[in-house]
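This report describes how a protein chain is organised and how its ligand is held. Please examine the sequence and the structure below before reading on.

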Amino acid sequence: MRGGKMARGLLGLRFVSKETIAKILEEAKEMKKILVERRNENILSGKTVVTLFYEPSTRTRVSFEKAAKVLGANTINIETATSSVLKGESLVDTARTIERMGIDLLVLRHSIVGSPQILDRELKVPVVNAGDGINEHPTQALLDMFTMLEKRGRLEGLRVLIVGDIYHSRVARSNIWGLSKMGAEVRVCGPSTLMPSEVGKLGVKVYYKLDEAIRDVDVVMALRIQMERQKSGLFPSIREFTNLYGINKDRLKLAKEDVILMHPGPMNRGIEVDTDSAYCDSSVIEEQVTNGVAIRMALLKLLIRGEILS
Ligand code: CP
């Protein structure tokens, strides 16, 4: 749901029900089997998925393309740098033009908060939000939850710490909405200048000292410092940020013994997470990437076949 109105696609997790999230996660289990067995299916044969990205991406764009292809769909990637966007064509006109060529789903990444909602109103096909500014990145949060579920067998009661640049993170916001609905305890930690003022109202526990926040957590999710969204320095220096909020093996020892370390990528290795931790036994960062394909396969299947409405 989106403020009382059903969306055909997935615009964010804020207005998505717990039942819908559970359905996507369940479907992703089946999709992971297809992926692991390296099978190709014809579930979406004859369908066309378009990715329209106004911001850079490696994981999200490629995994949508891979997901569509494994299920037998055609894929078209619009490079905004070589499209008529450069001649001044608006987002709405670009999307309507693409839709008239005969597509079945559009995946959008854009720097402007709310741009997927605009396209949802303008288009007849489902729109999937692949990240809108600092607002939401719902498919990332779904793949994160799927990874936690795989590793821990439950989300209910799980203690999850999200650490770093919370303010600029659409990953943090989608995870907060999603994990809270699924019954997890969410903690956030970072410098006060990188903490959204409304965060306390979202039902999370707010910490400014990492050594307190990390105690006894099941999951540590480190976030990338988003320099591209900061106009001026919001902390004194990178080195100070790393000293206070960087994840290393000594800090991980303060969490539960079987803690898992996550990061949505791309990592600033040596800043928010050191190399030893990024590739230690507790790290599931590379498995997150694989699970991203499974989650996107599940979503494409459910949305194109009209089996979910968020
Ligand atoms: N996590 C994520 O969204 O990565 P990309 O920017 O590479 O898609």
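## Domains of the chain

In this predicted model, the domain assignment divides the protein chain into domain 1 (18-137 + 290-304) and domain 2 (139-285). Domain 1 is thus given as two stretches of the sequence, 18-137 and 290-304.

The C-alpha centres of domain 1 and domain 2 are 26 Å apart. Contact between the two domains involves 28 residues of domain 1 and 27 residues of domain 2.

## Position of the ligand

The ligand sits in the largest pocket. Both domain 1 (18-137 + 290-304) and domain 2 (139-285) contribute residues to the shell around the ligand, so the ligand lies between them.

## Residues around the ligand

The residues surrounding the ligand are S57, T58, R59, T60, R109, H137, Q140, P264 and G265. By character, the shell consists of one nonpolar, six polar and two charged residues.

## Polar contacts and burial

Two side chains approach oxygen atoms of the ligand. For S57, a polar side-chain atom lies 2.6 Å from an oxygen atom of the ligand; for T60, a polar side-chain atom likewise lies 2.6 Å from an oxygen atom of the ligand. In G265, the atom concerned belongs to the backbone: an N or O atom there lies 3.1 Å from a nitrogen atom of the ligand.

How much of the ligand's exposed area does the protein bury? Taken alone, the ligand exposes 250 Å², and the protein buries 92% of that area.

Note on methods: Residues numbered from 1 in each chain as written. Predicted model: local features only at pLDDT ≥ 70, side-chain atom pairs only at ≥ 80, totals over all residues. Heavy atoms only, no water. Near = heavy atom within 4 Å. Polar contact = N/O pair within 3.5 Å; in protein donor to acceptor, adjacent residues only side chain to side chain. Areas by Shrake-Rupley, 256 points an atom, 1.4 Å probe, with all protein chains shown as cover. 1 Å grid on protein atoms, 1.4 Å probe; cavity = no way out; pocket = protein on both sides within 12 Å on 5 of 7 lines; lining within 4 Å. Sits in = over half its atoms within 2 Å of the grid points. Nonpolar A, V, L, I, M, F, W, Y, C, P; charged D, E, K, R; others polar. Domains from an automatic or database assignment. Contact = heavy atoms within 4.5 Å.
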